[in-house]
Amino acid sequence: MATELTIALAKGRILDETLPLLARAGIEPVDDLNSSRKLVFATSQANIKLVLIRSADVPTYVQYGAADMGVAGKDVLAEHGGEGLYERVDLKIAPCRMMTAGFADRPMPRTRLKVATKYPRITRQFFLEQGRQVELIKLYGSMELAPVVGLADIIVDLVDTGNTLKANGLTPLEHIMDISSRLIVNRASLKMKNQPVKELVGKIEKAVK
Ligand code: PRP
């Protein structure tokens, strides 16, 4: 019998761009992932199933082996830390940049800089490497509002077209890292299910090219 494999995916842009890659690798879900309320999906390959979860949870499912593989943004992976998993393929989808942003013409405060973000780990690391002391304010979304209402001096967030920043009078300031989605693999799965995992990773890699 073929080895069972579970792939963790998250709804949204990443999913929309991942499904064609999976299809090219011969894996097609039997239901419509976007309209269904189900969380586990069978695919055209009897031994491969998909689980649909929040994007920030994908590395955790893969870390603990609840999923053998997953697709997650580099932002989510860097924030998670990457324990227990390997980043195998840059899928080159959903590309954007992680940046600091603020008001271009506003002088930086003399006291400690206040930074609002939903990426505390990445932000702490970035400012630590520069020897800059900052006060982190953890948010869960709509970071762009924080400088506008005086909650923070700057933000750390993803920038794609720059339209969201612009619409709120903000400017991208410092580049932190380039972001794209990655195929990640559970470390134990790569050992225990080496042949089917490697085969599937190879097929997806080929689909990207
Ligand atoms: C992201 C990000 C910015 C916006 C940037 O949010 O947090 O708000 O996109 O894109 P732009 O530069 O093209 O305007 P997203 O819409 O993914 O929602 P989220 O806040 O839930 O992550």
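**Close-up 1. Val149 and its nonpolar neighbours.** In this predicted model, Val149 sits in the loop that runs between α5 (145–148) and β9 (154–159). With a relative accessibility of 57%, Val149 counts as exposed. Val149 also belongs to a nonpolar surface patch, together with Leu145, Val148 and Leu151. Between them, these four residues have about 340 Å² of accessible area.

**Close-up 2. The surroundings of the ligand.** Look around the ligand and you'll find Lys118, Glu144, Asp157, Leu158, Val159, Asp160, Thr161, Gly162, Asn163 and Thr164. Three polar contacts are worth picking out here. In the side chain of Thr164, an N or O atom is 2.4 Å from a ligand oxygen. Gly162 uses its backbone instead, with an N or O atom 2.7 Å from an oxygen of the ligand. For Lys118 it's the side chain again, with an N or O atom 3.1 Å from a ligand oxygen. On its own the ligand would expose 500 Å², and the protein buries 58% of that. Two elements, β9 and α6 (163–167), each give two or more residues to the shell. The top contributor is β9, with three residues.

**Close-up 3. The Arg13–Asp160 salt bridge.** Asp160, one of the residues around the ligand, pairs up with Arg13 in a salt bridge, 3.4 Å from N to O. This one reaches across the chain: Arg13 is in helix α1 (residues 13–24), Asp160 is in the loop between β9 and α6, and the two are 147 residues apart. Arg13 counts as partly exposed at 42% relative accessibility, and so does Asp160 at 41%.

**Close-up 4. Arg182 and its acidic partners.** Arg182 is buried, at 13% relative accessible area. Its salt bridge with Glu87 brings N and O atoms to 2.9 Å. That pair links strand β5 (residues 85–90), home of Glu87, to strand β11 (residues 181–186), home of Arg182, across 95 residues. Arg182 also bridges to Asp90, with the closest N and O atoms 3.6 Å apart. Asp90 lies in β5 and Arg182 in β11, so this pair ties together parts 92 residues apart in sequence. Add Lys74, and shared partners join Lys74, Glu87, Asp90 and Arg182 into one salt-bridge network. The whole structure holds nine salt bridges.

**Close-up 5. His175 on strand β10.** His175 is part of strand β10 (residues 171–179) and is partly exposed, at 42% relative accessibility. Its side chain makes a 2.9 Å polar contact with the side chain of Asp178. Farther off in sequence, His175 touches Arg97, Met98, Met99 and Phe126.

Technical notes:
Residues numbered from 1 in each chain as written. Predicted model: local features only at pLDDT ≥ 70, side-chain atom pairs only at ≥ 80, totals over all residues. Heavy atoms only, no water. Patch = residues over 30% accessible without salt bridge, like charges linked within 9 Å, V, L, I, M, F, W, Y side chains within 5 Å. Areas by Shrake-Rupley, 256 points an atom, 1.4 Å probe, with all protein chains shown as cover. Salt bridge = Lys/Arg side-chain N within 4 Å of Asp/Glu carboxyl O. Helix = DSSP H or I, 4+ residues; strand = E, 2+ residues; numbered from the N terminus. Buried < 20%, exposed > 50% of the residue type's maximum accessible area, 1.4 Å probe, protein only. Contact = heavy atoms within 4.5 Å. Polar contact = N/O pair within 3.5 Å; in protein donor to acceptor, adjacent residues only side chain to side chain. Near = heavy atom within 4 Å. Lists of a residue's contacts leave out its neighbours within four places in sequence.
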